[in-house]
Amino acid sequence: MTLKVDEAEQGSWAVLRISGELDLVTSPVVRQSVHDAVAEGQHDVVLDLSEVFFCDSSGVGVLIASRRLMKSCGGRLRLILPARGAEDGSHVNKVLGALGVRRLFDVYPDALSATDEECRPLSA
């Protein structure tokens, strides 16, 4: 399975919709997409992982590196996990939880919530 990244803008946010497997082979594509968004002046990025059905430690590494990049440029990174995934059940959420890094991320259920300044992230 390949990975696909689609970029859209929603208000001041760049929304990167990622689908497929996020692993050693495909994670550089996500890393580059985040770097490209920052290079284009976007400092608020949402990674929509609702269509990601597999994520290994390389994928988690890219998420952590993306968080670090956004913080270094004064930006923000928000994640969208698969349906119900922010609460339970999704592979990505289970991997983030198992590695003890889920609490590092602001997670939202959908793009509308993630780009709304009034909405609060879901609890870890």
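Here a visitor asks a guide about the sheet and helices of a predicted model.

Visitor: What makes β1 and β5 the edge strands of the sheet?

Guide: The sheet is open, with five strands in the order β1-β2-β3-β4-β5. β1 (4–10) and β5 (106–108) each pair on one side only, and that makes them the edges.

Visitor: How do you know that β1 and β2 pair?

Guide: Two strands need at least two bridges between them to pair. β1 and β2 (residues 13–22) have seven bridges, so they count as paired, in the antiparallel sense. One spot to look at is glutamine 10, whose bridge partner in β2 is tryptophan 13.

Visitor: Why is the pairing of this sheet called mixed?

Guide: Strands can pair either parallel or antiparallel. In this sheet, β1 and β2 are antiparallel, while β2 and β3 pair in the parallel sense over eight bridges. β3 and β4 run parallel too, joined by five bridges. Valine 46, for instance, stands opposite arginine 78 in β4.

Visitor: What makes the β-α-β unit of β2, helix α1 and β3 right-handed?

Guide: Picture the strands pointing away from you: a path from the first strand over the helix to the second that runs clockwise is right-handed. The unit of β2, helix α1 (residues 27–39) and β3 is right-handed, so its path runs clockwise in that view. The crossover from β3 through helix α2 (residues 57–72) to β4 is right-handed as well.

Visitor: Where does helix α3 lie?

Guide: Helix α3 (residues 91–98) lies across β3 (44–55) and β4 (76–80), running at about 100° to β3.

Definitions and conventions
Residues numbered from 1 in each chain as written. Predicted model: local features only at pLDDT ≥ 70, side-chain atom pairs only at ≥ 80, totals over all residues. Heavy atoms only, no water. Helix = DSSP H or I, 4+ residues; strand = E, 2+ residues; numbered from the N terminus. Contact = heavy atoms within 4.5 Å. Axes fitted to C-alpha atoms, helices over the stretch in contact; angles between N-to-C directions.
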